[in-house]
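Colleague: I am new to this structure and would like to go through parts of it with you. Please show it first.

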Amino acid sequence: MHTMIMIFADREPAMACAASDGRCSDRCAGAGSGWEWALGSGSSTAAEWGLVCGERYKVALVQAIFFVGCMIGAGVFGHLSDSFLGRKGSLVVLCSLNAVVGLLTALSPNYWVYAALRLLTGFSTSSVGFCSFVLATEPIGPSHRGTAGISTMYFFSGGIAALVAVATMFQSSWRLLYVATSLPSLAFVLLVMPFVSESPRWYLVRGRADDAMRVLRDIASTNGRRIPDDVVLMLDGDVDDTKEPLSSSSTSGGTILDALRSPTARVRLVLSVMVNLICSVVYFGLSLNVVNLETNLYISVAANALVEMPACLLTTLLLHHFGRKPVVIGTMLLSGVSCVAGSLITGAGAIRMACGVVGIFGMGTTYNLLVVYTAELFPTVVRTAVLGCTAQAMQMGAILAPLVVVLGERVPFALFGVSGIIGGLLVFSLPETMNMPLYDTMAGFEKASTCAEGNAAESYQF
């Protein structure tokens with residue numbers, strides 16, 4: 001809701017000619033032209049502050065500013081959630097910030113205060129996604145991790161669909177719309193988070209093996225199972241013939257620099273950043289491009305949101321049969337080809353909308369799966385830091401998206417199409433991760449990567 005609210009709060013509403021003789025001049029001529037906003041000046045920020053005609057660029061600017069905040073926040077909380085704050089602690093802080101800043105946004109006296117508060121909203125918004133994703137999937141084993149990860153994505157598209165319903169009720173007041181979409185964050189902190197446990201993997205890499213085992217025993221108890229008393233937890237890099245349990249002075253959280261020092265992780269990181277950036281440009285670009293389709297705004301956004309739900313279901317089904325890599329490649333290429341087709345169509349807004357829906361279907365699937373795929377490519381000690389880095393890349397793509405959308409009707413589709421095709425080709429250089437274990441330390445990760453490369457070389461020679 002905090003991400004997509006800009007589509008409705010910053011929209012340019014319909015205008016009506018209020019002149020007594022029914023004759024109105026150019027809409028850009030100001031108050032003397034005879035035009036007035038059909039739903040009142042408080043219906044959107046564009047109406048209240050005159051962000052139309054020559055000032056229209058400010059709408060794209062504030063949207064880009066929001067994603068700048070997302071990019072900064074992703075890096076900050078990517079580090080904090082891997083270090084002392086943890087996954088759960090970060091999520092509590094982020095949702096609290098979302099609620100407070102969102103409510104303050106509704107009180108914005110002018111455009112520049114509004115832009116500053118949207119920057120702060122973005123700072124807290126992007127990290128909510130990957131912190132909650134990591135918290136939900138780290139306790140899950142390889143056979144069900146993909147399904148669990150993709151299932152979290154239903155709630156993102158569900159949130160967009162819910163936003164459409166809320167926005168329909170508050171079409172005449174963008175300020176009330178911000179209030180209504182900020183309260184769920186506060187409710188989440190107060191009603192949900194007290195019942196959520198910290199990630200046992202985070203406890204483990206922080207040297208808190210007893211806390212990790214306590215969480216696992218709670219999970220086992222809930223499932224009607226029991227973990228034997230003589231079972232101990234060990235990091236993959238600490239496993240040796242002595243079978244000594246993990247000491248309390250074990251590793252602390254890693255940083256993105258640890259990933260860059262590893263040759264294998266470095267290559268994966270660069271490719272992941274590029275693919276995530278491209279995916280974000282296309283996904284957010286198509287989501288925001290509904291303003292160029294000359295169709296009903298609410299129907300278009302609802303269609304884009306609803307089509308993502310079967311995309312999640314299809315992704316879940318395909319993951320178990322084809323793995324992560326082929327599905328990412330296929331969906332990115334599908335989206336790219338669909339957007340290229342949309343760029344070749346003149347007029348026929350409904351047909352171009354259909355191309356956009358197919359593009360959203362493909363890139364929405366990619367967007368959902370990339371979080372799962374990226375998380376599985378790296379060890380626990382740097383996982384959230386890496387996800388923070390790729391989230392920054394996604395926000396960079398999101399910053400570019402509104403700037404592409406203002407280019408008109410056909411050009412955005414062409415750029416999104418070419419980007420999707422390039423992204424699909426880049427994924428060919430990444431490894432498959434289906435049914436592979438999640439490594440905890442860089443040492444265990446490097447050892448496994450070396451063994452995998454050796455086995456691949458032997459197979460090639462054979």
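Colleague: In which helix is Thr-374 found?
Modeller: This is a predicted model, so what follows describes a prediction. Residues 349–376 form one helix, and Thr-374 is found there. That helix is H15.

Colleague: Is Thr-374 buried or exposed?
Modeller: The cut-off for buried is under 20% relative accessible area. Thr-374 has 3% relative accessibility, so Thr-374 counts as buried.

Colleague: What distance separates the C-alpha atoms of Thr-374 and Val-386?
Modeller: Along the chain, Thr-374 and Val-386 are 12 residues apart. In space, the separation of their C-alpha atoms is 8.2 Å.

Colleague: Where is Arg-383, and is that residue buried or exposed?
Modeller: Arg-383 has its place in helix H16, which covers residues 380–405. The relative accessible area of Arg-383 is 3%, and therefore Arg-383 is buried.

Colleague: With which side chain does the side chain of Arg-383 make a polar contact?
Modeller: The contact has a distance of 3.0 Å and runs from side chain to side chain. The partner of Arg-383 is Glu-138.

Colleague: How many salt bridges does the count give?
Modeller: A pair counts when a side-chain nitrogen of Lys or Arg is within 4 Å of a carboxyl oxygen of Asp or Glu. By this rule, the number of salt bridges is 8.

Colleague: Which parts of the chain does the salt bridge between Glu-48 and Arg-175 link?
Modeller: The side chains of Glu-48 and Arg-175 meet at 2.7 Å, N to O. The two residues are 127 residues apart, so to speak in distant parts of the chain. Glu-48 counts as partly exposed because its relative accessibility is 30%, and Arg-175 counts as partly exposed because its value is 23%. The linked parts are helix H2, residues 45–49, and helix H8.

Colleague: Which residue meets Asp-211 in a salt bridge?
Modeller: The N to O distance of this salt bridge is 2.9 Å. Asp-211 counts as partly exposed, at 21% relative accessibility. Its partner is partly exposed too, with a relative accessible area of 36%. That partner is Arg-208.

Colleague: Are Asp-229 and Arg-226 buried or exposed?
Modeller: The side chains of Asp-229 and Arg-226 meet in a salt bridge of 3.0 Å, N to O. Both Asp-229 and Arg-226 are exposed.

Colleague: Which helix gives the most to the nonpolar patch?
Modeller: The patch lies on the surface and has about 520 Å² of accessible area together. Among its residues are Leu-103, Leu-183 and Leu-190. Leu-190 lies in helix H8 and counts as exposed because its relative accessibility is 57%. With 4 residues, the helix that gives the most is H8, residues 174–191.

Colleague: What span should helix H5 have, and how far apart are its end C-alpha atoms?
Modeller: H5 has 27 residues, 111–137, and at 1.5 Å a residue the helix should span 39 Å. The end C-alpha atoms agree with this, as their distance apart is 40 Å.

Colleague: Where is the kink in H5 centred?
Modeller: The kink in H5 is of about 30°. Its centre is Val-128.

Colleague: Which residue caps the N-terminal end of H5?
Modeller: A side-chain oxygen of the capping residue lies 3.2 Å from the backbone nitrogen of Trp-112. The cap is Asn-110.

Key: Residues numbered from 1 in each chain as written. Predicted model: local features only at pLDDT ≥ 70, side-chain atom pairs only at ≥ 80, totals over all residues. Heavy atoms only, no water. Expected span 1.5 Å × (residues − 1). Bend = angle between axes of the 7 residues up to and from the residue. Polar contact = N/O pair within 3.5 Å; in protein donor to acceptor, adjacent residues only side chain to side chain. Patch = residues over 30% accessible without salt bridge, like charges linked within 9 Å, V, L, I, M, F, W, Y side chains within 5 Å. Areas by Shrake-Rupley, 256 points an atom, 1.4 Å probe, with all protein chains shown as cover. Buried < 20%, exposed > 50% of the residue type's maximum accessible area, 1.4 Å probe, protein only.
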